[in-house]
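Trainee: Before we look at anything in detail, could you take me through how to read a protein model feature by feature?

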Amino acid sequence: MQITNTILMIRPVNFRMNEQTAVNNYFQEQPDITPEKINAKAQNEFDAFVAKLREHGVNIIVIDDTPEPDTPDSIFPNNWVSFHNTGTVCVYPMFAENRRKERREDIFDTLEKQGFHISDVMDYTAAEEEGVFLEGTGSILKDRVNQKAYCALSERAHEELFIEFCEDFNCFPVIFTANQTVDGERLPIYHTNVMMAMAETFVVICLDTIDDKKERKSVVEHIKKDGKEIIPITEEQMYQFAGNMLQVIGADDQRYMVMSSAAYNSLRPEQIAAIEKHCPILHSPLDTIETCGGGSARCMMAEVFLPRL
């Protein structure tokens, strides 16, 4: 299946703007309030977001972060781990050194206690020693049904390791570069899932970020060949995290497209209608998390596809 009903989320205790990720995450900003207030606001946004998802029947497994070690970006677990229907867990190499501390084996124990089966751990983290990174489902967008994986190359997504991942999981790699304008210069977007969201029957994507015409054509052809509708967004909408969405399954097998309120409010009526043709939309305010963390709704959700015992 392309999507799941079960989502792992990490409730933050030391959330703030991570100075180590800000060097190539151009979405981050430092608000003029204390770290304590930033974390409190992030916790409130997190709790309201979880409550909304649970209200619609999504199975949310919340793990509390710990004060030590210091992990300001722990709220974004999808970058260090992914859970697959084969029973395999993947652990990924991270660009920022303080993000490597987010990796916790006790989370695997929690999932097993809840009845999920883990048969194998695929650990790519040795690549960090070579300065090679691939940040989970931030970097990799899998079309699970059609056995393809999309990746926008950046300092956090290296081509060789992405190809190795595709070989390990029998996926066809669709590789491109997605850029954003920073101080008049076109620079790589840090994660694929900021400019592209893969749902069962449609794809939300900022095609304007793919400057190379051949690469853009290739991405479009792959999506269309697999019968998915393309719903384009603008770069301006991408900066409101309109590309950072995730489709989930709620009660009674109902599909929902999940996003932040900022993302939803940036969409034009015809774009909302295009999405709602496929499924209803759920949105929740994540302003503090987006401003300081440079990530949004999709980044906060690590999908669990593991088989149950």
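Trainee: Is F241 buried or exposed, going by its relative accessibility?

Mentor: Keep in mind throughout that this is a predicted model. F241 counts as buried, with a relative accessibility of 4%. The residue sits in the loop between α6 (235-238) and β14 (246-249), and its backbone deserves a look as well, since phi is near 70°, a positive value in a residue other than glycine.

Trainee: Which other residue that is not a glycine has a positive phi, and where is it found?

Mentor: D183 has a positive phi of about 50°, and its place is in the loop between β9 (179-182) and β10 (185-188). Those two strands run antiparallel and are joined by four bridges, with V182 standing opposite E185, and they form a hairpin in which two residues lie between the strands and D183 is in the turn. D183 is exposed, its relative accessible area being 81%, whereas F241 is buried.

Trainee: Where should I look for a cis peptide bond?

Mentor: Look at the bond that joins E68 and P69, where omega is about -5°; P69 belongs to the loop between β2 (59-64) and β3 (81-83).

Trainee: How many residues of strand β7 are buried, and which strands pair with it?

Mentor: For a strand, it helps to take the two faces in turn and then the partners. In β7 (residues 148-152), five of its five residues are buried; K148, Y150 and A152 point one way, A149 and C151 the other way. Strand β6 (residues 140-143) runs antiparallel to β7 and is joined to it by four bridges, D143 having K148 as its bridge partner. In the hairpin of β6 and β7, with four residues between the strands, Q147 takes a positive phi near 50°. Strand β8 (residues 172-176) pairs with β7 in the parallel sense over five bridges, and there the partner of Y150 is V174. The chain passes from β7 through helix α4 (residues 159-168) to β8, in a β-α-β crossover that is right-handed.

Trainee: Which residues of helix α2 are buried, and on which side of the helix do they lie?

Mentor: The general idea is that an α-helix has 3.6 residues a turn, so residues three or four places apart point the same way. In α2 (residues 106-113) the buried residues are I107, F108 and L111, and because they cover an arc of only 100° around the axis, they are on the same side of the helix. These buried residues pack against β1 (6-11), β2, β3 and β4 (88-91). After α2 comes G115, with a positive phi near 100°.

Trainee: What makes up the largest nonpolar core?

Mentor: In soluble globular proteins, nonpolar side chains tend to be buried together. Here the largest nonpolar core has 41 residues, and those with the most contacts inside it are M195, M196, M257 and I275. Several elements each supply at least two residues of this core, including β7, β8, α5 (213-225) and α8 (269-276), while β12 gives the most, with four residues. Leaving aside neighbours within four places in sequence, I275 is in contact with F202, V204, I231, M245, M257, M259, L267 and I281. Apart from this core lies another, of 26 residues, among them M17, L246, A297 and M300.

Trainee: How many salt bridges does the structure hold, and what does the one between E135 and R156 tie together?

Mentor: The structure holds 17 salt bridges, and for each it is worth asking where the partners lie and how exposed they are. E135 and R156 meet through their side chains at 3.2 Å, N to O. E135 lies in the loop between β5 (120-123) and α3 (136-139) and R156 in the loop between β7 and α4, so the pair ties together parts that are 21 residues apart in sequence. E135 counts as buried at 0% relative accessibility, and R156 counts as buried at 2%.

Trainee: Which residues form salt bridges with R255?

Mentor: One is E200, with the closest N and O atoms 2.9 Å apart; since E200 lies in the loop between β11 and β12 and R255 in strand β15, this pair ties together parts that are 55 residues apart in sequence. Another is D253, at 3.1 Å between the closest N and O atoms. R255 counts as buried at 16% relative accessibility, E200 as partly exposed at 26%, and D253 as exposed at 52%.

Terms used. Residues are numbered from 1 along each chain as its sequence is written. This is a predicted model: local features need pLDDT of at least 70, side-chain atom pairs count only at pLDDT 80 or more; totals for chains, interfaces and linings use all residues. Side-chain values use heavy atoms; hydrogens and water are left out. Buried means under 20% relative accessible area, exposed over 50%, partly exposed in between (1.4 Å probe, protein chains only). Two strands pair if DSSP finds at least two bridges between them. A crossover is right-handed if, with the strands pointing away from the viewer, the path from the first strand over the helix to the second runs clockwise. A nonpolar core is a set of buried Ala, Val, Leu, Ile, Met, Phe, Trp, Tyr and Cys residues joined through side-chain atoms within 4.5 Å. Contact means heavy atoms within 4.5 Å. The arc is that of the directions from the helix axis to the C-beta atoms. A salt bridge is a side-chain nitrogen of Lys or Arg within 4 Å of a carboxyl oxygen of Asp or Glu.
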